[in-house]
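Colleague: Before I rely on the labels attached to this protein, I would like to hear the reasoning behind them.
Modeller: Here it is, and we can then take the labels in turn.

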Amino acid sequence: METNKSLELELLAELRAALTEHDAASDVREEVGGLAVTTGAPGVPLWIFVSFGNRYFSWAEANHQHPVNDMAGAARRIAAHAQGLRAIGGGS
């Protein structure tokens, strides 16, 4: 089970790096096994998790998913989602 958690954290770290290309700030939170992406609402991140089986990134209560083997596509979609939340939250 430890290997599974390590893979999840590796995938989240890789996604975090890919998000920097979209000017999306994020932070891997090992204690919850997720990636917190900054939004316009202070203290309310967009949480990204790796699905069971390590096949998908999921966010927005698992209403959105993207395959982990398409890191660039996942980063693009997540950054766009976070940008939409920034617009709603009044952030820049």
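Colleague: Which residue in β5 is the bridge partner of Ser58, and what makes β4 and β5 a pair?
Modeller: The partner of Ser58 in β5 is Gln65. Two strands pair if DSSP finds at least two bridges between them, and four bridges join β4 (residues 56–59) to β5 (residues 64–67), so these antiparallel strands count as a pair. Strands here are DSSP runs of E with at least two residues, helices are runs of H or I with at least four, and both are numbered from the N terminus. In the hairpin of β4 and β5, four residues lie between the strands, and Ala60 takes a positive phi near 55 degrees.

Colleague: What kind of model are these values computed from?
Modeller: This is a predicted model, in which local features need pLDDT of at least 70 and side-chain atom pairs count only at pLDDT 80 or more, while totals for chains, interfaces and linings use all residues. Residues are numbered from 1 along each chain as its sequence is written, and side-chain values use heavy atoms, with hydrogens and water left out.

Colleague: Why is Ala75 called buried?
Modeller: Buried means under 20% relative accessible area, exposed means over 50%, and partly exposed lies in between (1.4 Å probe, protein chains only). Ala75 has 1% relative accessibility, and therefore counts as buried. Ala75 lies in helix α2 (residues 71–89).

Colleague: Which residues does Ala75 touch, not counting those up to four places away in sequence?
Modeller: With contact meaning heavy atoms within 4.5 Å, Ala75 touches Leu15, Ala18, Leu19 and His22. The C-alpha atoms of Ala75 and Ala18 are separated by 5.8 Å, although the two residues are 57 residues apart along the chain.

Colleague: Why is the pair of Trp47 and Phe49 called stacked?
Modeller: A search of the whole structure finds one aromatic pair. Its rings, those of Trp47 and Phe49, have centres 6.0 Å apart and planes at 15 degrees, so the pair is stacked. Rings of Phe, Tyr and Trp (its six-membered ring) pair if their centres lie within 6.5 Å, and planes under 30 degrees apart count as stacked, over 60 as edge-to-face and the rest as tilted.

Colleague: Why do Trp47 and Phe49 count as partly exposed?
Modeller: Trp47 has 28% relative accessibility and Phe49 has 33%, so each value falls between the limits for buried and exposed.
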